[in-house]
Amino acid sequence: MRTEQKIMDLILDVAKADERIRAVLLVGSRANPAIPKDIYQDYDITYFVADIAPFYNNPSWVEERFGKPLIMQVPEAMRNPIGDGNFNYMMIYPDGVRIDLSFVFNKYIDDGEPAVVLLDKDYGRGFLPSQMVPNDKYWHIKPPSPLFFYSCCNNFWWCLNNVAKAIVRDELPYVMNMLNIWVRSELHDMINWYIGTLHGFNLFTGKAGKYFKKYLSPELYAQYAATYSGSNYDDIWAAVDIMCDLFHTLAMAVAAHFDFTYQQEEEDGMREYLRMVKQDYLRVVKEDRGNRCK
């Protein structure tokens, strides 16, 4: 795999050789000083250009300068494009390097996301401001309001009814969708808030909680890991039970920290519903096994 220096040199050499490219910005994980460096990080690069037309849906221009990738994705030429007039090439090369190269024709708007200026031919009078200091505040955990806390708790418990019914109905795709997208999303919010109460809210836990292990105790992280199951319904029921216990533990701690009210009766109600549906599931399983033994 090529070194970071070689890739950066290539990115800048291409930009310096083309007067239509006026500025170069590095964003993403490589621009964030708080993220540990490794060889798998993408190079998220933005080329600011006065005229987007020569670079719009022109893969040959990119391949001539950066080489032919193993695979390329161009979101604006696929279904559901953003349609803002900019264009992005996402590429993985034979040595494993990934470059996400965006061409943008409007001025940079600082939304707080980490960014590093690699080149500015117009010295702050063009697409980029004269000074930019990289930081990761954009991704920091945001403390919950009472409404957000309640909504998270209510939706976590509510959505579990769909998981339970789908298990009895033998609707595995729906079970996994509800459990690992809808329910887990609320669990992740609660984990983030819990981590914030312990370590402060001036940090982030990575996309989809990929840094949870860094901030949770070994015991809590092991409990979290056990919320993932295989396709066996008995295992899924066990994962649901663990998820419920973990959510309760974290929600009570967050509620105590912020002096919020935790609606224990909503948890009790859903746990009772889960118990009833699980009984139906066990009855169906028992009957099925009995039929197969005849």
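**Entry 1: the helix α6 tyrosines**

I began with helix α6 (residues 218-225), where Y221 and Y224 stand 3 residues apart and are therefore separated by about one helical turn. I am working from a predicted model, and I keep that in mind for each entry here. I then looked up the burial of each tyrosine: Y221 has 27% relative accessibility and so counts as partly exposed, whereas Y224, at 5%, counts as buried.

**Entry 2: the aromatic pairs**

I next searched the whole structure for aromatic pairs and noted 20 of them. Y221 and Y224 form one such pair, which I recorded as tilted, with 6.0 Å from centre to centre and 40° between the planes. That angle falls between the limits, since planes under 30 degrees apart would count as stacked and planes over 60 as edge-to-face.

I also looked up Y233 and Y281, whose ring centres are 6.3 Å apart and whose planes meet at 80°, so I entered this pair as edge-to-face. Because Y233 belongs to helix α7 and Y281 to helix α8, the pair ties together parts that are 48 residues apart in sequence. I checked the accessibility of both residues and found Y233 buried and Y281 buried as well.

Elsewhere in the chain I noted one aromatic cluster, formed by Y47, F55, Y56, W61, F87, Y89 and F103.

**Entry 3: the second largest pocket**

I came back to Y233 and Y281 when I turned to the second largest pocket, because I wanted to know which residues lie nearest its centre. Both tyrosines are in that group, together with V284, V285 and D288, and the lining comprises 11 residues. The elements that give two or more residues to this lining are α3 (146-168), α7 (233-258) and α8 (264-292), and I noted that the largest share, 5 residues, comes from α8.

For the volume of this pocket I wrote down about 220 Å³. Sorting the lining by class, I recorded 6 nonpolar residues, 1 polar residue and 4 charged residues.

**Entry 4: arginines over tyrosine rings**

Last, I looked for charged side chains placed over aromatic faces, and I wrote down two cases. R30 lies over the face of Y43, at 3.8 Å from the ring centre. R184 lies over the face of Y228, and here I recorded 3.6 Å from the ring centre. Both values are within the 6 Å cut-off that applies to a charge sitting over a ring.

How values were computed. Residues numbered from 1 in each chain as written. Predicted model: local features only at pLDDT ≥ 70, side-chain atom pairs only at ≥ 80, totals over all residues. Heavy atoms only, no water. 1 Å grid on protein atoms, 1.4 Å probe; cavity = no way out; pocket = protein on both sides within 12 Å on 5 of 7 lines; lining within 4 Å. Points joined across faces, edges and corners; volume = space filled by probe spheres on them. Helix = DSSP H or I, 4+ residues; strand = E, 2+ residues; numbered from the N terminus. Nonpolar A, V, L, I, M, F, W, Y, C, P; charged D, E, K, R; others polar. Phe/Tyr/Trp six-rings, centres within 6.5 Å; stacked < 30°, edge-to-face > 60°. Buried < 20%, exposed > 50% of the residue type's maximum accessible area, 1.4 Å probe, protein only. Lys NZ or Arg CZ within 6 Å of the ring centre and 35° of its normal.
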